[in-house]
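Subject: Structure handover

Dear colleague,

Here is the structure I said I would pass on. My notes on it follow below.

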Amino acid sequence: IRNSQLLFSNLSDSKVSEFLGLFGAPVAPIVFRGSEQQAEDSCRSVMAGFRRAKRVAMVTRGMPVVYGLLAWRLARECRRRGIAYQVPPAVSIFDTAPSLLKDIKGGRLGVQIRDSRFLDKIDPALPLVVYSLRPDTSLRLAEHYPSEHPCHILEGGGENEFNPATVRFKDLPDVLKRAHSGTTLYVPPL
């Protein structure tokens, strides 16, 4: 970031904007929340930045494992154009979620990581992380967990990003209606 002449970001919260402003390069917004069209549009915007700058950075909280549509397109387009690129290592919410919570059991067994569109064949004996939450997420998960089972909401931005809220499954539908668009759900094993 320090050596870039142009920054792109899909993060809209004020703390990120202030942080990126410290680097002195212009910051251009992109919108990417997971759709194919948004990935294509964002890739096109970032690649167009090379007309104005020799070194460009794209800043996001998204992990390539989750939001791989954009990462894959950017890497493919850079290779095609002979542009050197780097994806620095990062720690995902999947790695940090258990450390933010007390008395989490089952982490040694592994963890299931799912987009909310793909909630079939869940193993309730393993911890579960769900991202890209949808209105029907709580209904689909209710098939696997009792109504009193706890789950943890990790907001995707703002002041409560690292302050998980614990709710029971029976209260999850109402909580998700008010949740930040980048919220991640962590469900401990049964």
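F19 is partly exposed, at a relative accessible area of 46%; here buried means under 20% relative accessible area, exposed over 50%, and partly exposed in between, with a 1.4 Å probe and protein chains only. F23 falls in the partly exposed class as well, at 30%.

Before the rest, the basis of the numbers. This is a predicted model, in which local features need pLDDT of at least 70 and side-chain atom pairs count only at pLDDT 80 or more, while totals for chains, interfaces and linings use all residues. Residues are numbered from 1 along each chain as its sequence is written, and side-chain values use heavy atoms, with hydrogens and water left out.

Overall make-up

The protein has six helices and eight strands. Helices (H or I, at least four residues) and strands (E, at least two) are DSSP runs, numbered from the N terminus. Read from the N terminus, the order of elements is β-α-β-α-β-α-α-β-β-α-β-β-α-β. Of the 190 residues, 38% are buried. The exposed area is about 11400 Å², with carbon and sulfur atoms supplying 53% of it; areas come from the Shrake-Rupley method with a 1.4 Å probe, and for residues only the protein chains shown count as cover. Taking contacts between residues at least 6 apart in sequence, 53% join residues at least 24 apart, where a contact means heavy atoms within 4.5 Å.

Aromatic pairs

A pair of aromatic rings is described by the distance of the centres and the angle of the planes. Rings of Phe, Tyr and Trp (its six-membered ring) pair if their centres lie within 6.5 Å; planes under 30 degrees apart count as stacked, over 60 as edge-to-face and the rest as tilted. How many aromatic pairs does the structure hold? There are two. F19 and F23 make an edge-to-face pair, because their ring centres are 5.3 Å apart and their planes stand at 85 degrees.

Y145 and F169 form a stacked pair, with 5.1 Å from centre to centre and 5 degrees between the planes. Y145 sits in the loop between α5 (137-142) and β6 (150-154), and F169 in the loop between β7 (165-168) and α6 (172-178), so this pair ties together parts that are 24 residues apart in sequence. Y145 is buried at 4% relative accessible area, and F169 is buried at 5%.

The three-stranded sheet

One open sheet has three strands in the order β2-β1-β3, with parallel pairing; two strands pair if DSSP finds at least two bridges between them. The edges are β2 (27-29) and β3 (56-59), each with a single partner strand, so one side of each has no neighbour in the sheet. From one strand to the next the twist averages 25 degrees. Axes here are lines fitted to C-alpha atoms, for helices over the stretch in contact, and angles run from 0 to 180 degrees between N-to-C directions. β1 (residues 6-9) pairs with β3 in the parallel sense over four bridges. L7 has A57 as its bridge partner in β3.

Salt bridges

A salt bridge is a side-chain nitrogen of Lys or Arg within 4 Å of a carboxyl oxygen of Asp or Glu. The count by this rule is 10.

Two of the salt bridges lie within helices. In α2 (residues 36-48), D41 and R44 are three residues apart, about one turn of the helix, and their closest N and O atoms are 2.8 Å apart. D41 is partly exposed at 34%, and R44 is partly exposed at 49%. In α3 (residues 68-81), E77 and R80 are likewise three residues apart, about one helical turn; the N to O distance in their salt bridge is 2.6 Å. Is each partner here buried or exposed? E77 is buried at 11% relative accessibility, whereas R80 is exposed at 61%.

E148 and R168 meet in a salt bridge at 2.9 Å, N to O. E148 lies in the loop between α5 and β6 and R168 in strand β7, so the pair ties together parts that are 20 residues apart in sequence. E148 is partly exposed at 42%, and R168 is partly exposed at 37%.

Finally, E36, E40 and R73 are linked in a network of salt bridges.

Regards
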